[in-house]
Amino acid sequence: VNWVRYIILAVLLTFVFVALSKAQTTYDFGVWYSAGMEKKISADWNAGIGTELRTKHRREYIDRWKLDIHSMYRIHRHLKLGAAYELHLKNQTTGSETVSLLHHRFMADVVPSVSVSSWLKLSLRERYQYTYRMARHDIDAQHEHHLRSSIKAVMAMAQSKWEPFTSAEVFNNMGEGFTIDEIRLAVGTGHLFSLHHSVNIGYMLNLK
């Protein structure tokens, strides 16, 4: 539907504008390594597991490691519902000491999508995210609620195994009046080696 395409494009431009207005002059560089497996349970339902390692401070410092299980169900050709659980360890420096803090995270997704043309697909994902950080030493336990709004454009060209993409995501902190406390802009490409194997590589600008 044409009006749906215009709405999604308008949201993408809004995300980019907000991200650029929030950009700061402090920079860091890190790499996120991730891998996962997916299992197709039925024509409309799949599930999988994944792991990820993040570095920062020019790859010299391990920021966090995670393990997750997730599932996605298509209830309509333009609408999917998803759920996931994630366990991750995040390093935090307090004074001269660095401690690893254990987090439990639960997520629920609503993902509408539309094909703008035969080669361009747009999707808008709304994610509710609850995170529980366990207490350790003198660091108290913490509960966080976020609404993560993400829009993604994918070029799916016929007879090509490459799928370039760009995305924008905004983290709205529900516990602080929906203030924006993080924005991610990404661009990259996916490559399909076979029916069951693919890889993604890209660049992300993470604004906090």
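Select Ser34 first: Ser34 stands opposite Glu52 in strand 2. Strands here are DSSP runs of E with at least two residues, helices are runs of H or I with at least four residues, and both are numbered from the N terminus.

**Before going on**

This is a predicted model, where local features need pLDDT of at least 70, side-chain atom pairs count only at pLDDT 80 or more, and totals for chains, interfaces and linings use all residues. Residues are numbered from 1 along each chain as its sequence is written, and side-chain values use heavy atoms, with hydrogens and water left out.

**Stop 1: strands 1 and 2**

Select residues 32-40 for strand 1 and residues 45-56 for strand 2. The two run antiparallel, joined by nine bridges. Two strands count as paired if DSSP finds at least two bridges between them. Now look at the link: four residues lie between strand 1 and strand 2, and the two form a hairpin.

**Stop 2: strand 3**

Add residues 61-76, which are strand 3. How many bridges pair strand 2 with strand 3? There are 12, in the antiparallel sense. Click Ile49 next. Opposite Ile49 stands Ile69, in strand 3. In a regular strand the side chains alternate between the two faces of the sheet.

**Stop 3: Ile62**

Stay in strand 3 and select Ile62. Which residues does Ile62 contact, leaving aside its neighbours within four places in sequence? They are Leu53, Arg54, Thr55 and Asn91. Contact means heavy atoms within 4.5 Å. Ile62 counts as partly exposed because its relative accessibility is 45%. The cut-offs for relative accessible area are under 20% for buried and over 50% for exposed, with partly exposed in between (1.4 Å probe, protein chains only). Now pick Gly30, 32 residues from Ile62 along the chain. Their C-alpha atoms are separated by 9.0 Å.

**Stop 4: the whole protein**

Zoom out. The protein has one helix and 10 strands. Along the sequence, the pattern is α-β-β-β-β-β-β-β-β-β-β. Of the 208 residues, 30% are buried. Among contacts with a separation of 6 or more, 41% join residues 24 or more positions apart.

**Stop 5: confidence**

Colour by pLDDT, the predictor's confidence in each residue, from 0 to 100. The mean for the protein is 85, and 85% of its residues reach 70 or more. Which element has the lowest mean pLDDT? Select residues 2-22: that is helix 1, at 58. Then select residues 120-133: strand 6 has the highest, at 95. Where pLDDT is low, the predicted coordinates should not be read in detail.
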